[in-house]
Amino acid sequence: MISDGIMNLLMEMITFSFVIPIAFIIVWKLRTRKSLVPVFVGAAVFFVAANVLESIPHTLFLRIDSPISRFLTGNPWAYALYGGVMAALFEETARYLAFKFFLAKYPGKETAVSYGLGHGGLECMIILGIGHIQNYTYCQLINAGKMDDMIKSLAGNESAVKTYQDLVKNLTGLKVSTIMWGGVERLSALFLQVALSVMVYYAVKQAGKIKFLWIAMALHTLVDFVAAFYQAGVVPLFVVELCIIIITVGACRLALQMYRSLPADPSTETKKTSWKAAKARYTSVDTDKDEKKDE
């Protein structure tokens, strides 16, 4: 049986996964008054890159009974490195192309953050939100005793039986700390995606700075690879999450410096200049009126 506390915490994490990204997007929109198009582009490009294009090499290397497939699935370190490289290659290349072509009409540096919120926001909703919705559903089946019936109905299919038995084992062994660390990881990933977006945007907009695309790919791969330390049982979960947080903080600091060095949106500068000019004219008119009254 799975306790009510775990079930309630899963529901809270599901809510968290949807509310937090949407809240960040709303706050950013109110702060910048910029278009939400880059947010939707970021979400769409992430979905295509991570869930469609990235599945192509997985079909070739993981789903076919070959020496490569057996090596990768049997070695957590190789599997983690492979997964990190594939994710970084497809997602960062897609991010680069999005800034260079799809979002060329949105020149403001705020576009980088908006894209990152869309990319990281949808990732959070899918991995944490939908993932925990599935977990919550299976937990309900386990508590109702229906999971045992499902496993019995699969008798003869050893692979499917083992998959569901492992699922039951993982869910019945869920701890509060594990679920909470999962939420922390997704929040860190959201900030990391914004930082990576700024780096790739910088690589697109600044001449001769293509190296920051490779840096973004390297950071993306590193974060995914670090997770293998926990999967391999080398270090505890909190140590892995702490390492990911440290990498994210470093990436965010670098991205913030780059963001501040980027030129502002010309239209924003024009509005500011126009406002200053109008304010100056208004002040000048008031001064002239006061001088005439004194005369």
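**Exercise 1. Describe the second largest pocket and its lining.**

Start with size: the second largest pocket has a volume of about 410 Å³. This is a predicted model, in which local features need pLDDT of at least 70 and side-chain atom pairs count only at pLDDT 80 or more, while totals for chains, interfaces and linings use all residues. Residues are numbered from 1 along each chain as its sequence is written, and side-chain values use heavy atoms, with hydrogens and water left out.

A pocket is found on a 1 Å grid over the protein atoms alone, as an open set of points with protein on both sides within 12 Å along at least five of seven lines; lining residues have an atom within 4 Å of a point. The volume is the space filled by probe spheres set on the points, which are joined across faces, edges and corners.

Next, look at the lining: 14 residues, of which Trp28, Val113, Phe191, Val194 and Leu256 lie nearest the centre. Helix 9 gives the most, with 5 residues; helices here are DSSP runs (H or I, at least four residues), numbered from the N terminus.

Finally, sort the lining: 14 nonpolar, no polar and no charged. Ala, Val, Leu, Ile, Met, Phe, Trp, Tyr, Cys and Pro count as nonpolar, Asp, Glu, Lys and Arg as charged, and the others, Gly among them, as polar.

**Exercise 2. Do the same for the largest pocket.**

Its volume is about 2,000 Å³. The lining of the largest pocket has 47 residues, with Ile127, Glu185, Arg186, Ala227 and Gln231 nearest the centre. Helix 9 again gives the most, here 10 residues. Sorting the lining of the largest pocket gives 24 nonpolar, 16 polar and 7 charged.

**Exercise 3. Classify the ring pairs Phe99–Tyr201 and Tyr138–Tyr164.**

Recall the rule: rings of Phe, Tyr and Trp (its six-membered ring) pair if their centres lie within 6.5 Å; planes under 30 degrees apart are stacked, over 60 edge-to-face, the rest tilted. The count comes to 7 aromatic pairs.

For Phe99 and Tyr201, the centres are 5.3 Å apart and the planes at 85 degrees, so this pair is edge-to-face. Phe99 lies in helix 5 and Tyr201 in helix 9, so the pair ties together parts 102 residues apart in sequence. Both Phe99 and Tyr201 are buried (under 20% relative accessible area; exposed is over 50%, partly exposed in between, with a 1.4 Å probe and protein chains only).

Tyr138 and Tyr164 are also edge-to-face, at 6.4 Å and 70 degrees. Tyr138 is partly exposed, at 25%, and Tyr164 is partly exposed, at 22%.

Terms used: Helices (H or I, at least four residues) and strands (E, at least two) are DSSP runs, numbered from the N terminus. On a 1 Å grid over the protein atoms alone, a cavity is a set of points where a 1.4 Å probe fits but cannot get out, and a pocket is an open set with protein on both sides within 12 Å along at least five of seven lines; lining residues have an atom within 4 Å of a point.
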